[in-house]
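Reader: Could you walk me through this one while I have it open? I'd like to begin with what counts as covered up, and then go through strands, a helix and the rings.

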Amino acid sequence: DLTRLSYLASVRKSVLAILYGKYVENGTISLRKTLKELEFTDVGGLTERELEATVEHLLTARSGVYHPASNSGDDTGSAPPRGSQTPGAYYLYNNWDFNAAGAAFEKMTGRDIYDALETDLARPIGMQDFDRSRQRKSGDATRSQFLAYHMWLSARDMARVGLLMLREGNWAGQQIVSRDWVRRISSLVTPVNEMNPPSHRALGTGMRWGYGYLWWVWDAPNSTGSFQGAYTGIGAVGQFITVLPQLDMVVAHKTDASDPVPNSKRSRTVSRTEYDSILRMLIAAKCPRGKCE
């Protein structure tokens, strides 16, 4: 059901990256501002080195802050010891960074993320199913004061987000977010060979997603085929917004984990490997006999 609202999981982070653009460009948000300048702290405090991390480090998952996050679903179980990494030097997919990025957005703009989601994105691109009342934060505040800004969207509204990115921020002639910002957040910051933990570096050529600014970015510098310039949002249990500029193509894919498979106790889930197979079949259907290569 393309209209059904369900949990967006970590694709929320890619949506936040889009929301940042307007405020970075008008000077409301400075990506160079440090956690110390923002007067950030957390349960048990942050170290002096951690306070040197900037907002840009949060957006690129390179803060060096390994404080527990309020929610699970990241790689902090493989994090180095706290205080061991200089901000900016080490990539780790870390929900503390992403949740703090949400808090930084709200502090610097004076706006609730979900209000901004509605006025700055949902309305301008004509989301058909957006419901402000369904959006809500969650997490364990005894672990971290920065809660996860979870989102609920429909598949067709996810596709609209992808189309906005494919059109470099332009929607029906209106520049919702600048081309420069779209290009920036979808550009490679962390190549696959710098991924941590190191096990992520051996995913194979079929899964060469590095990391940009809250978007996963295709890392194959010599690629001239369908994936050239591609990037994607990725969320648990099967949430994806993939943009393939070479094919002028967007793929929005979602599952609803609250919807059980009929005659089964299992929830509906699709893994990254399964989605990769689906994506390649869609590309093959669009590009018979490799004509798009």
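Author: A residue is called buried when its relative accessible area is under 20%, and exposed when that value is over 50%. Please keep in mind throughout that this is a predicted model.

Reader: Fine. With that in mind, how many residues of strand E8 are buried?

Author: Strand E8, which covers residues 239-244, is mostly covered, with six of its six residues buried. Gln239, Ile241 and Val243 point one way from the strand, while Phe240, Thr242 and Leu244 point the other way, and all of them are buried.

Reader: And which strands does E8 pair with?

Author: Strand E7, residues 231-235, pairs with E8 in the antiparallel sense over five bridges, and E8 is also joined by five bridges to strand E9, residues 249-253, again running antiparallel. To place the register, Gly233 stands opposite Ile241 of E8, and the bridge partner of Phe240 in E9 is His253.

Reader: What about the hairpins, where do I find positive phi?

Author: The hairpin of E7 and E8 has three residues between the strands, and there Val237 takes a positive phi near 65°. In the hairpin of E8 and E9, with four residues between the strands, Asp248 is the one with a positive phi, near 55°.

Reader: Changing topic to helix H7: what does it pack against?

Author: The buried residues of H7 pack against E8 and E9, and these residues are Tyr275, Asp276, Leu279 and Ile283. Seen down the helix axis they fall within an arc of 105°, so they line one face of H7. On the other side of the helix, Thr273, Met281 and Ala285 are exposed.

Reader: Why would a spacing like that give one face?

Author: An α-helix has 3.6 residues a turn, so residues three or four places apart point the same way.

Reader: And what is the span of H7 against the expected one?

Author: Helix H7 runs over residues 272-286, and at 1.5 Å a residue its 15 residues should span 21 Å, which agrees with the 21 Å between its end C-alpha atoms.

Reader: On to the rings, then: how many aromatic pairs are there?

Author: The structure holds 17 aromatic pairs. One of them is Tyr23 with Phe105, whose ring centres are 5.5 Å apart and whose planes stand at 90°, so this pair is edge-to-face. Because Tyr23 lies in helix H1 (residues 11-25) and Phe105 in helix H3 (residues 95-109), the pair ties together parts that are 82 residues apart in sequence. Are those two rings buried or exposed? Both Tyr23 and Phe105 are buried.

Reader: Which other pair would you show me?

Author: I would show you Tyr93 and Tyr211, with ring centres 6.2 Å apart and planes at 85°, so they too are edge-to-face. This pair links distant parts of the chain, since Tyr93 sits in the loop between helix H2 (55-59) and H3 while Tyr211 belongs to strand E5 (residues 209-211), 118 residues apart. Tyr93 is buried at 8% relative accessible area, and Tyr211 counts as buried at 1%.

Reader: Which rings are in the cluster with them?

Author: Ring pairs link Tyr91, Tyr93, Phe98, Tyr211 and Trp216 into a cluster. Arg272 lies over the face of Trp216, at 4.9 Å from the ring centre.

Reader: And what sits over Trp152?

Author: The charged end of Arg136 sits over the Trp152 ring, 4.3 Å from its centre.

Methods: Residues numbered from 1 in each chain as written. Predicted model: local features only at pLDDT ≥ 70, side-chain atom pairs only at ≥ 80, totals over all residues. Heavy atoms only, no water. Phe/Tyr/Trp six-rings, centres within 6.5 Å; stacked < 30°, edge-to-face > 60°. Helix = DSSP H or I, 4+ residues; strand = E, 2+ residues; numbered from the N terminus. Buried < 20%, exposed > 50% of the residue type's maximum accessible area, 1.4 Å probe, protein only. Lys NZ or Arg CZ within 6 Å of the ring centre and 35° of its normal. Pairing = 2+ DSSP bridges. Expected span 1.5 Å × (residues − 1). Arc of directions from axis to C-beta. Contact = heavy atoms within 4.5 Å.
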